[in-house]
Amino acid sequence: MRKACLVVFVLTILTGTAGAQSSNPCPSPSPTCASTGTVTISGSYSCTGVGLDGNGYPKVDLVIVSFTSNGGGVGTVSVIEAQNTNDPNSSPSYKDFASQGTLNYCISADNTTGYINPGSTTSGNCPLAVAFTSADGVADAQFRAIDTTENNVSATVCRAQ
């Protein structure tokens with residue numbers, strides 16, 4: 001029971017979604033791929049997140065992330081998200097699926113790690129560090145992401161659709 005409670009607690013504090021806004025600063029300099037890889041990342045991934053909203057209340061997210069390769073280890077990411085929160089100040093508490101915009105991504109020379117970059121970091125949107133478990137075209141491909149926002153712990157797990 002202790003392990004189960006710890007896992008639930010950790011999942012509650014370790015989540016977020018691409019481009020989540022924060023009042024905390026982004027790292028400086030902003031992380032990016034020093035050199036890009038050769039792998040092609042494309043297709044759609046479904047993601048589940050459990051964590052805290054901006055006010056510290058529990059939230060759950062369902063996210064669809066669609067990668068489009070531009071070649072050379074770079075491309076764009078489209079994000080669609082639905083969210084529910086226990087925040088009594090949020091009305092409505094459920095937010096239906098809506099586009100969160102298009103972001104850019106790069107895959108590092110190791111063809112496994114990289115970043116999803118929201119563009120400008122001045123609005124508190126920091127890059128997400130990503131690690132892919134396998135290259136494109138492999139059944140059950142997954143990636144994991146962590147938010148690079150200073151003093152903001154969050155993680156996301158996604159699986160190919």
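Biologist: Why is Ile80 called partly exposed?

Modeller: Its relative accessible area is 38%. Buried means under 20%, exposed means over 50%, and partly exposed lies in between, with a 1.4 Å probe and protein chains only. So Ile80, at 38%, counts as partly exposed. This is a predicted model: local features need pLDDT of at least 70, side-chain atom pairs count only at pLDDT 80 or more, and totals for chains, interfaces and linings use all residues. Residues are numbered from 1 along each chain as its sequence is written, and side-chain values use heavy atoms, with hydrogens and water left out.

Biologist: Where is Ile80 found?

Modeller: In strand 3, residues 74-85. Strands (E, at least two residues) and helices (H or I, at least four) are DSSP runs, numbered from the N terminus. The protein has one helix and eight strands, in the order α-β-β-β-β-β-β-β-β.

Biologist: What makes Ile80 part of a surface patch?

Modeller: Ile80 forms a nonpolar patch with Leu62, Tyr94 and Phe97. Patch residues have over 30% relative accessible area and no salt bridge (a side-chain nitrogen of Lys or Arg within 4 Å of a carboxyl oxygen of Asp or Glu). Nonpolar side chains (Val, Leu, Ile, Met, Phe, Trp, Tyr) are joined within 5 Å, like charges within 9 Å. Together the four expose about 370 Å² of accessible area, by the Shrake-Rupley method with a 1.4 Å probe, where only the protein chains shown count as cover for residues.

Biologist: Why does Asn111 count as partly exposed?

Modeller: Its relative accessibility is 27%, so Asn111 falls between the buried and exposed limits. Asn111 is in the loop between strand 4 and strand 5 (113-117). Asn111 also has a positive phi of about 60 degrees, although it is not a glycine.

Biologist: What makes the largest nonpolar core a core?

Modeller: A nonpolar core is a set of buried Ala, Val, Leu, Ile, Met, Phe, Trp, Tyr and Cys residues joined through side-chain atoms within 4.5 Å. This one has 20 residues; Phe67, Val77, Ile116, Phe132 and Phe143 touch the most other members. Elements giving two or more residues to this core include strand 2 (58-71), strand 6 (128-132) and strand 7 (142-147). In soluble globular proteins, nonpolar side chains tend to be buried together.

Biologist: Which residues is Phe143 in contact with, beyond its neighbours within four places in sequence?

Modeller: Among them are Tyr45, Val65, Phe67, Ile116 and Val157. Contact means heavy atoms within 4.5 Å.

Biologist: How do you know that the bond between Ser91 and Pro92 is cis?

Modeller: Omega is about 0 degrees there. Pro92 is in the loop between strand 3 and strand 4 (94-107).
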